[in-house]
Structure formats: structure tokens, C-alpha cells
Amino acid sequence: MIKELLAYLRPHRLVLIVGGVLGLIGSAAGLAMPLLAKYVVDAFGQDRSMAGPLLGLTAAVLVGAVVSAAGGYLMERTGEGVVLGARRRLVDQMLRLKVADVDRLKPGDLLSRVTGDTTLLRAVLTNGVVNSVGAAFMLVGAIVMMAIMDGVLLLITLLVIVVIGGLTGMVMPKIQRAQKHAQEAVGEMGAVLDRALQSYRTVKASGAEEREIGVVSAAAERARDRGLQVAGWTSLAGVATWMAVQVAFLCVLAVGGSRVAAGTLEVSALIAFLLYLFYLVAPIGQLVEGAVQLQQGLAAMRRIKEIEDLPGEPVAKLLPPEDPTPLGVTFEDVVFRYGEDRPLVHDGVTFEVPSGGLTALVGPSGAGKSTVFALLERFYEHQSGTIALGGKRIEDWPLAELRAALGYVEQDAPVLAGTLRENLLFAAPEATEEEVLRAVARTRLDDLVARLPEGLETAVGHRGVLLSGGERQRVAIARALLRRPRLLLLDEATSQLDAVNELRLREVIAEVAKETTVLVIAHRLSTVTNADRIVVMEAGGVRAVGTHAELVGGDELYRELAATQFLVS
């Protein structure tokens, strides 16, 4: 895990070296101060001029301050670069993940990994690593100077520091575990809050504000409790560092004072030694802080690696396919379930969709209709059987080429925050103005465009909240048509349309079916009575295939569905 952490530093190694050198120069200036202070005391005791030692001490202070400030700025700049690189890398991986993995994860927790966990990397990779190197140099330098002053006092100091330092080292793994649990708790809180915000209107309409506030508050309390565990262990490490220096000070003062009284040690040497001892507080504190931050960074790195280690998909190009030939679809004995512990969704599904024309999938909820589309888009991989597209097994299609050939309108017809034009061009950014206007006219959106204050440049709000449900569906259909797909998948494309707009959209679908293959899922059978072929699904299988008239006469389930919608007596 340390290797992965250091990999984030490689692009910034030159700046880090410069910053590290500046830090070392600042540390060297700091190391000179106690020695210069000894010269000042000696000059005072020997009635000599103190101008030279005082000027040297002042110069050391100024040089140390300026150089340390410059090094600190470079470290902070590097830290921001590290965070940027980590976030880009993590977001790049997240948007390449397979749908099945994203379904398993929680959006709020993913956001926490991009924001909170990457921020922890900045601390560990700048303050934690680089400052620890400077602190180690300061520590070694101070110990060398203390050895020159008096070896006996140095031995007493090191003995105390090593004993207490060993106890501190035992705390570090506990800090790492506590930090990982704390980050997980923050991610869980984000997931709970995201759930409430994504269903904000439902929460309001259900009068569930107090309950949701309670759920989020409980998650926040769990995050606080985990954070307190981290704070407790971190404070223990800090107290141990403080105790080490204070106990060493008392021991040195006792032994050194007795030696001064005996005449075997100069007062100025004892003062300089005590100054170096106090000088150890900063480097030891930085080393302990660096060790704590390293544990926190390792905890964050483990959460980041959990995402980076998931298999990703190649990015699909959104350009329309060069070959406009409509694609046929074949399902043969397809078996699929969403997980090993989940029931079968498809159990030997077999049907064929000819190239061109309109084919409909109908049946009760839970029959596996939407899963057909998910398998065609390769959001999931089927366990057995054969799925072919255009006569070629779907596994043999390059993923980018496969998705470029498909136009997909989801059941909830999602619209993204942004302008109406941005939503229309989302799947076909290279579409011309003429193509956009044609898609708008075909989906009967021209009235909407004329009514909006800024036309196509009007912002539609978060998730298209400023549009009606039917308008969002038509935007999603227009977006899919702009791709000029070889196979158009429509999942309940007319569920939120009124009768007039449904009729108009049926005309559009019939028109599109003359140019390409259209596969539509419908619960409202009135939208597909004119389909070339209707596939009736039930309980993960196909029970009948035919036209509307054939199925009314030959399939009891379809006849019942048609009767409940007053399509037959």
C-alpha cells in the first residue's frame, strides 16, 4: 500500500525535491540557534562583545523563517496537485465501472471517496512524507549536536525517548483501523443523505422529514463516534510525545544540574543542551504526526484501491455508427440472474427480432423485459445461452462499437442538469443544428422549445425538474434518435404521455421503424397493437410470439392484458 501511495508523488517529484531542500536549509538554520545562543551566553559571561553572536542568531532566525515559508508553500502546492491527480484518477475509474458494481455501491459513499479520502492523501503525501524527512534531519542534527555537548546527557535523553516511542508505535495500527472505520461511517452518512435528497419530493409528500432527519442524524452520530475513536488514539500518541520530552527534560535537568554543581559541566553547555532538548519537540512531534497521517492515508488508500481494483470497461465513443444497416436480435436459451444468491430473471429466454420494423415486449411486471435491454447494452453478462446482434454473438462485439449502434431510452427517461440543447446532444455531440431541429420536430418538442424563454439554451433544472414527465420522455427519445441507432430500445417510452402525444409518438415510432429496428417494452398495449411482432414474457420466459390479432386469439395472458385495457371485449 505504501508503494501505491508514493505513486501519486512521482509526477511532482521535482517540486518535492526543491521543497525538501528548502525545508532542510530551514532546519539547518534552526539547528544553529541553540549553538549561537551558547556563544551569546559565553560572550556575556566573559564580558566580550555580543554583537557578532546576536547578528548570527538574528540571521539564522530570518533565513530559517523565509526558507521554511517557501518550502511550506511548495508542499501545499504539491498537495493540491496530488489531490487533483487522485480525484481525476478515481473519477475516471468510477465512470468506467460496470453497472453491476455501481449498483452494489452507494453514491454517497462514492462521493466520500472522491472528496474526503483524496483529501487525506494530501496530508500524508506532503506533511506526512516530506515533512517527516525534514523532521528526521532535524532530529539527527539535534542528536549530533547534543552528543558534542555531552554524551551522558544524550544517553539519558535517548533512553527515555526510545521507551516512550516504542509505546507510541503500538498505537499506530489502531489509528489506521479507526480512521478506516471513520471514513466508512462518513461514506454511509453521505449515502443516507443522498437517498433522502434523490427522493426529496417523495419525502415531502409523505411527511417523512422528521424520520429522514432521524436516520441521517443517526448516521452522523455514528460518524462522530468513529471520529472520536480516531481523535482518542491520536491524542494518546501526541501525549506520549509530550511526555517523552518532559521526562527527558527532568532527567537531564537533574543529572546535568548535579554535574554543574560538581564543576564537571559548564552552565552554558547545560543551557545549550536543554535548548536542543526542547528543539527535539518539533521534529519528534512532526514524526509522530507524520506516522499518524500515514496511518490515515493508508486507510484512505485502501478505500480508494477498493474502487481502482474493480474491473472497468473501455470508454464507448458516442459517434454514430458508419454502417446504418438495421440490426436483428436473437435470444436463445438465455439464463441470467443478478447475483449468485438471487433468483433467476431469465430462465431459457428464446425469441428473435428481425432486422428492421417494430417488435414489442409485453407481459406482467417482473417478467424480465427490462433485463433484455440491460443484456443487450451489456450492462450485465448473461450466465448461459446465446445473445446475438446482427448475426454476431454479443460477446464478439467491441463494447464501444456495440453501444454506438444502440439507442436506449430508459424507463424513467433521465434528463441531466444543463440546457435542453446539452441534453439533446448528450449522446451525439457531433450532431448538426439541422439534425437537432429535425429530432425536435419528430418528437413534437417544437412547441416546448417555442415556449421556453431561451429556447434550446434554456436550463432544465436538476434532473429535468422544470420539464413535465412527458416532456422528459420526448427529450430522451430525441436524444436517442440523434445517434441514428441501428437498434432503438424504448423502455415504456409513452408511459407519461397523454393520449394526443401518445398517438403522435406512435406515429414517430412507426416512422423510425421504417429506417431501423425498434424494440419497445410496453405495458400500455395501445402503443404496440400495430407492431410487426409482439413477444409475450412471463416469469422469466417467453410464452408466445405473434401479432396483436394472433395473440388475442391464441394466448390467454395477452388476451387478458388486452381486455383490462379495453382493447378487446
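Helix pairs whose directions differ by an angle over 145 degrees are counted as roughly antiparallel. In this predicted model, helix α10 (residues 209-262) packs against helix α12 (residues 281-308) at an angle of about 160°, and their axes lie 10 Å apart. The two helices, α10 and α12, are therefore roughly antiparallel to each other. The crossing in which α10 passes α12 is right-handed. On the α10 side, the contact is formed by Val230, Thr234, Ala237, Thr241 and Val245, and on the α12 side by Val281, Ile284, Gly285, Val288, Val292 and Gln296. By class, the residues of this contact between α10 and α12 comprise seven nonpolar, four polar and no charged.

Two open sheets are described next. Strands of a sheet pair through backbone hydrogen bonds, in either a parallel or an antiparallel manner. One open sheet consists of four strands in the order β2-β1-β4-β5, with antiparallel pairing. The edge positions are taken by β2 (344-353) and β5 (392-393); each has a single partner strand, so one side of each is left without a neighbour in the sheet. Within this arrangement, strand β1 (residues 329-337) and strand β4 (residues 384-389) run antiparallel and are joined by five bridges. Phenylalanine 331 has isoleucine 387 of β4 as its bridge partner. Helix α13 (residues 369-376) lies across β1, β2 and β4, and its direction is at about 105° to β1.

The other open sheet contains six strands, ordered β6-β7-β8-β3-β9-β10, and its pairing is mixed. Here β6 (406-409) and β10 (541-546) stand at the edges with a single partner strand each, so one side of each lacks a neighbour in the sheet. From one strand to the next, the twist averages 15°. Parallel pairing is found between strand β3 (residues 357-362) and strand β9 (residues 533-538), which are linked over four bridges. Threonine 359 is matched with arginine 533 in β9 as its bridge partner.

Two helices pack on this six-stranded sheet. Helix α18 (residues 469-481) touches β6 and β7 (487-491), and its direction makes about 175° with that of β6. Helix α21 (residues 556-564) is in contact with β3, β9 and β10, and the angle between its direction and that of β9 is about 100°. The edge strand β6 is thus touched by α18, while the edge strand β10 is touched by α21.

Key:
Residues are numbered from 1 along each chain as its sequence is written. This is a predicted model: local features need pLDDT of at least 70, side-chain atom pairs count only at pLDDT 80 or more; totals for chains, interfaces and linings use all residues. Side-chain values use heavy atoms; hydrogens and water are left out. Two strands pair if DSSP finds at least two bridges between them. Axes are lines fitted to C-alpha atoms, for helices over the stretch in contact, and angles run from 0 to 180 degrees between N-to-C directions. Contact means heavy atoms within 4.5 Å. Angles under 35 degrees count as roughly parallel, over 145 as roughly antiparallel, 65 to 115 as roughly perpendicular and the rest as oblique. A crossing is left-handed if the near helix is turned anticlockwise from the far one by less than a right angle, and right-handed if clockwise. Ala, Val, Leu, Ile, Met, Phe, Trp, Tyr, Cys and Pro count as nonpolar, Asp, Glu, Lys and Arg as charged, and the others, Gly among them, as polar.
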